[in-house]
Amino acid sequence: MKFPPILALSVALALGYFYPFGNPLGASSGNLVVLADADLDGLDDALEARLLTDPNNSDTDGDLVPDIEEVLLGTNPNVAGAAGSFPPPEPKLHIDAYSLGPDLVLQISGHVQQSIISPSFVWADANNLASLPAWDMRAYRIDHGSRPSVKSGWNVASARFLIPKSIVSSEPSASLAVRAFIDGEDVAAAVMFTQVDGYLAQFRTGFGSSSMTWSGSASPAHPATPLLQSGGSTSTGGGGGLFPVDPTEGGAPSSSSADEVCLQVLELTANLGGGRMAYRVADAYCDSLPQALCFSGCVGTIDDVIIGIDIISLLGG
Ligand SMILES: [Ca+2]
Ligand SMILES: [Ca+2]
Ligand SMILES: [Ca+2]
């Protein structure tokens, strides 16, 4: 029988098979450069490449709000905002991922005033919904920490995890979410994955943002897939762009079309319970997006089923 990946993960944890705590990076030591965060602003270089932010400058646009905080606030880290133009921080989580050889790096950050408690991970595919408490994930944690925010009274907490990519790549579509109580408020963020042309792709809403471009011809040191917004909460269907997860291998076949992105229109077909939603790809096409890359198999994803985690349902709202 085939174990559902989450069960396999639990078994592996029980056996201490993957990355025993204290030596979390051994399996991927040849690729550790991808874990670099040169300017120590909390965004790994691979994610900065997606945002087109400067990996050597913690505040690319020089408006005194660090790149990572702009991501949390939902503002553009490449365009200076006027003093006072930034929305106030609120308890919020952001999750993003990029692949590192056989592994997936999860970067999670959040604005917090007092405390982050009871973090957990939720994983969903077409057949399963499972939640992992944080202590189960500790064996996969690379690091975590907190730094003062530029917003008085707030901090930016962050954590990185390294999990086997097969957790999401072994299924046609899967979603990961992280949930926690921040300052007493129940918050979550999710990211959706699907397969196109045999490549793992990330589904992102808000793809029209100028900060969400993918430099298909970027140098190996700063290759890119686009970021911003940890999609996933597409409770009303809608759609978004598909971007390669892998920041180092070109991410998509060379036959893909440059300066375009694969857009998918999603149609909610079933509420599978517990916040797990099934969407049918009602339409898919390449559309213009500078520096992005459209999978050659984009149109072929029509009628695919995408599994998402609806944050509102997850939180019981
Ligand atoms: Ca950085
Ligand atoms: Ca930066
Ligand atoms: Ca800034």
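**An open sheet and a nonpolar core**

In this predicted model, four strands line up as an open sheet, and reading across it gives the order β1-β2-β6-β5, with antiparallel pairing. The two edges are taken by β1, which covers 92–100, and by β5; each of these has a pairing partner on one side only. Going from one strand to the next, the twist averages 15°.

Start at the β1 edge. Here β1 pairs with β2, made up of residues 103–112, through nine bridges in the antiparallel sense. Within this pairing, L93 sits opposite G110 of β2.

Now for the other edge. Strand β5 spans residues 141–148 and strand β6 spans residues 155–164; the two run antiparallel and are joined by seven bridges. One facing pair here is H144 and, in β6, A159. β5 and β6 make a hairpin with six residues between the strands, and in this hairpin G153 adopts a positive phi near 90°.

Then there is the nonpolar interior. In soluble globular proteins, nonpolar side chains tend to end up buried together. The largest nonpolar core of this model counts 73 residues, and the ones with the most contacts inside it are A177, V178, A188 and A190. What does A188 touch, once its neighbours within four places in sequence are set aside? The contacts of A188 are L93, A177, V178, R179, I311, L314 and L315. Two of these names, A177 and V178, also appear among the core residues with the most contacts. Another, L93, is the residue already met opposite G110 in β2.

Technical notes: Residues are numbered from 1 along each chain as its sequence is written. Chains are lettered from A and ligands numbered from 1 in the order in which they are written. This is a predicted model: local features need pLDDT of at least 70, side-chain atom pairs count only at pLDDT 80 or more; totals for chains, interfaces and linings use all residues. A nonpolar core is a set of buried Ala, Val, Leu, Ile, Met, Phe, Trp, Tyr and Cys residues joined through C-beta atoms within 7 Å. A residue is buried if 20 or more other C-beta atoms lie within 10 Å of its own, exposed if 12 or fewer, and partly exposed in between; C-beta atoms are placed from the backbone. Two residues are in contact if their C-beta atoms, placed from the backbone, lie within 7 Å. Two strands pair if DSSP finds at least two bridges between them. Axes are lines fitted to C-alpha atoms, for helices over the stretch in contact, and angles run from 0 to 180 degrees between N-to-C directions.
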